[in-house]
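The following exercises concern a two-chain model. Each task is followed by a solution in steps.

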Number of protein chains: 2
Amino acid sequence: MTNYDDLMGFVRETQALGAVAGRLGWDQETMMPAGAAAQRGEEMAAMEGVLHARRVDPRIGEWLAAIDPAALDDTGRANLREIRRSFERASKVPAKLAAALARATSLAHGVWAKARAAEDYDGFAPTLAEIIALRREEAAALASGGDPYDALLEDYEPGTSGAEIAAMFDAMRPRLVALSDKVLGAERQPAALTGDYPEAAQIALSTEVAQAFGYDMTHGRIDKAVHPFSSGSGADVRITTRTDSGDPFNCIYSTIHEVGHATYEQGVDAAHRLTALGQGVSMGVHESQSRIYENQLGRSRAFSAHLFGRMRAQFADLNIGDAEAFYGTVNRVRRGYIRTEADEIHYNLHVMLRFDLERALVAGDLDVHDLPEAWNNRFEADFGVAVDKPSNGVLQDVHWAAGLFGYFPTYSLGNVYAGCLHEALRRAVPDLDGQLAAGDSSAATGWLREHLQQFGALREPRDTIIHATGSEPSVEPLLGYLEAKFSELYGL
Amino acid sequence: MTNYDDLMGFVRETQALGAVAGRLGWDQETMMPAGAAAQRGEEMAAMEGVLHARRVDPRIGEWLAAIDPAALDDTGRANLREIRRSFERASKVPAKLAAALARATSLAHGVWAKARAAEDYDGFAPTLAEIIALRREEAAALASGGDPYDALLEDYEPGTSGAEIAAMFDAMRPRLVALSDKVLGAERQPAALTGDYPEAAQIALSTEVAQAFGYDMTHGRIDKAVHPFSSGSGADVRITTRTDSGDPFNCIYSTIHEVGHATYEQGVDAAHRLTALGQGVSMGVHESQSRIYENQLGRSRAFSAHLFGRMRAQFADLNIGDAEAFYGTVNRVRRGYIRTEADEIHYNLHVMLRFDLERALVAGDLDVHDLPEAWNNRFEADFGVAVDKPSNGVLQDVHWAAGLFGYFPTYSLGNVYAGCLHEALRRAVPDLDGQLAAGDSSAATGWLREHLQQFGALREPRDTIIHATGSEPSVEPLLGYLEAKFSELYGL
């Protein structure tokens, strides 16, 4: 056994244990009996203890020092890169701080949920302040003198920076605000879906659509949960969905979204499984997969025509008369308070707001007590509506309670990447619409698998997109797509 | 922190990790997508590696040496006893041997299943021989000069011996054979259930019955699996069941059986959770709970009358006319090849056969190649029927493929203990039948919880039964119960 083999063997076991811990999270959201919560907390903490000890195991440092990268192939060097990043990150954060953060964010979830239900921001503020203080301490340890926010961003999107994200948003914001104004002022406005849609039929249709988009049920399963998510890597990638009898799109499009995440994980080359390359490379690239499936493909005219037929077959009483009207309905634009319910135009405006605020919080330029006012002012500026209550504003997202600072911008990065990929995909598969209209997305999934998904974390995030599309990422394809799609749809 | 606190904290984490590993097994049988099997094997092996390292951690030896048991209460001393037993057991077996056994038994499952399907004992014999050789090596390491079979038995039923089990069976066998002959020769023979019973209604009725027997669904759940089992301890104890549209008793009584195991685990005092006392104390005592629920309570005249009413409400076309005939049907005695389908009289005869054969295999007195002949001769002697094929004989059970030598006798020990507990329960709750007839088993579960279940592994297995019943375990209550019940039922 060489040092490299020893290191890879050790990492493989850690990856397997990480998969076990991840599945414990899946079980908690889908299967766990209510009375098991306290014991589950101890189980999760014990697994986290095992994983943390392995992540900072000094043997990793010794192996890394002893291995000559020149003797390895590209895959070997990429594994070293990812292992080194993880080891250095884990080693920089004192165990005591990591434990304090785990405890604080674990408790914060309940505090946030209670505060949101009671519309009581003040009940959450001290907890939020504590989490920000801990994350700032962590960011300082990670940044080694650099920008603390960049250090946090690195957890979710290696290789980018707050300044780059800010520049990206500067290019997007005026065009999105202008497009929103135009679309909302248009004479032609699509109808909303009304009626009642039995839950079992929603699940059946979503399962059919999931498989049509390439989700492999022999390496996954679909269950119900309060929040849709995708969980797991390699041979066992599970998704969840939810149902709302008045809104079948919630179930169908959240399923397509999660299928995007899940097919990425399922599509990684089996040779990378249980290695440091065996997952999606970053949150942004991950979100590019969920978004292109959900929006560029799932809300296309072609696929929505197919979905219209399937929905008429499943549900008797659709109030939408024809496929063209249905296409309008699934792409209906509204100004809403809630990010997760936002349409393609407004979604990124929601994210920009959070990015600017969390960057100021981490920098110490914004105090927790001034956050609601800053949120509300910014929301009114971008959306033209005053926030009516905290649950529609600053308390709507769980992310900050979970300590996720630096995570929000990866959503928009994913949208931008999806725009780039979509442009390249259309070039490569000229008849894509013909296939989507028949409910067949195998050409799209095949192209994404061949050019992006199979590589897992082989290349850095930005290089992953460049490799797939052949060019530097840019906001232009996304903005051009949105302007063309919605101008046409709203008769502008 | 004292040494005792440190030790208990360490064991608590190990218990939590053991619960995670156990739930991984549950997931594999109930939820895992088919294509995930190979990856799951690596996940299980990684968890086993973590657990093994903790079980032999030298700090446990140091803590045990440093703690003064006289400074502890009964609970503390019982914890030490169980921790010491586990530590010494794990430390005696070389890691290489433990790994070889894990690998061999893991592979053996597939070999056995294939051989059974093909009626090909010779295809399984080399694998069985390898497992026996490894278990003999392990037994020699554990026995330190004593009887190797006793050392294996100790894994499942601490404090008993092969000689004690043999004496127990010597007392049982002639009376069971005589009772079998009498019952099968009787003029009065109950009818079998016929008809078709929709699966969903079977599950609904079994779930109702499970809760009536005290199973707490806020700390558990019921799913389908190929083989019924109970999994987990403390706050999260899950059971599985199966359905056969022609035989609803399969679903209902296997559920009641697993509920016996599960209520034992759910009934352990919450103060013992995640300690070395937080589970059922032995396989024999565990089986006493599943058996008393399934047989002495579940197949009683009183409860079967209640079940008859519930089945008539759920299923229109029962072919059984009245509650008394139904009582005969649920207690129908037949000579069958298969242990898991055996009635109360024949079940222990099945176990005796396996006990004698596996004891001879471990002692080296019986060669693997002579096993089928030995099985078939013994079966014909006890059951009066020739074995027609390996799947009805020596290949029917998975236990030996799993390396479980010394496990079978705990089934009969459980029956004997159930007999003792049932006698004491009837004394303590004179109106038990009145309650069971109303579908209410709370007095029975309450008595078992108060006198046995709550203590977990506080006392050694035999002492656990003595504490609950007030007297030494004996075969008499079980045999007396069987003779009285079946003589009356068959008009003898």
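**Exercise 1: The contact between the chains**

The side chains of R238(B) and D27(A) form a salt bridge, with 2.8 Å from N to O. A salt bridge is a side-chain nitrogen of Lys or Arg within 4 Å of a carboxyl oxygen of Asp or Glu. The model is predicted: local features need pLDDT of at least 70, side-chain atom pairs count only at pLDDT 80 or more, and totals for chains, interfaces and linings use all residues. Residues are numbered from 1 along each chain as its sequence is written, chains are lettered from A and ligands numbered from 1 in the order in which they are written, and side-chain values use heavy atoms, with hydrogens and water left out.

Task. Determine how many residues each chain brings to the contact, what area is buried, and how many salt bridges are counted between chain A and chain B.

Solution.

Step 1. Contact means heavy atoms within 4.5 Å. By this criterion, chain A contributes 36 residues and chain B contributes 36 residues.

Step 2. The size of an interface is often given as the accessible area lost when the parts come together. Buried area is the accessible area (1.4 Å probe) that two parts lose on being put together, summed over both. Between chain A and chain B it is about 2,700 Å², and carbon and sulfur atoms give 59% of it. M31(A), P33(A) and Q39(A) supply 20% of the area that chain A buries against chain B, more than any other three residues.

Step 3. Between chain A and chain B the count is 8 salt bridges. A network of salt bridges links R23(A), D236(A), R238(A), D27(B), R40(B) and E43(B).

**Exercise 2: Strand 3 of chain B and the sheet of chain A**

Task. Establish which strands pair with strand 3 of chain B, and in which sense. Then state the strand order of the sheet in chain A.

Solution.

Step 1. Strands (E, at least two residues) and helices (H or I, at least four) are DSSP runs, numbered from the N terminus. Strands of a sheet pair through backbone hydrogen bonds, either parallel or antiparallel. Two strands pair if DSSP finds at least two bridges between them.

Step 2. Strand 1 (residues 222-224) of chain B is parallel to strand 3 of chain B, with 3 bridges. One bridge sets K224(B) against T241(B).

Step 3. Strand 2 (residues 230-231) of chain B runs antiparallel to strand 3 of chain B, joined by 2 bridges; S230(B) has I239(B) as its bridge partner. These two strands form a hairpin with 6 residues between them, and G232(B) in the turn has a positive phi of about 105°.

Step 4. From strand 3 (residues 238-241) of chain B, R238(B) and T240(B) point one way and I239(B) and T241(B) the other, and all are buried. Buried means under 20% relative accessible area, exposed over 50%, and partly exposed in between (1.4 Å probe, protein chains only).

Step 5. In chain A, 3 strands form an open sheet in the order 1-3-2, with mixed pairing. Strand 1 (222-224) and strand 2 (230-231) of chain A are the edge strands, each pairing on one side only. S231(A) lies opposite R238(A) in strand 3 of chain A.

**Exercise 3: Helix 11 of chain B**

Task. Compare the span of helix 11 of chain B with the expected value, locate its kink, and state how R291(B) and E287(B) are related.

Solution.

Step 1. The expected span of a helix is 1.5 Å times one less than its number of residues. Helix 11 (residues 283-297) of chain B has 15 residues and reaches 20 Å from its first C-alpha to its last, close to the expected 21 Å.

Step 2. The bend at a residue is the angle between axes fitted to the seven residues ending there and the seven starting there. The kink in helix 11 of chain B is about 35° and is centred on R291(B).

Step 3. The side chains of R291(B) and E287(B) meet in a salt bridge (3.0 Å, N to O). The two residues are separated by about one helical turn, because they are 4 residues apart in helix 11 of chain B. Both R291(B) and E287(B) are buried, and 14 of the 15 residues of this helix are buried.
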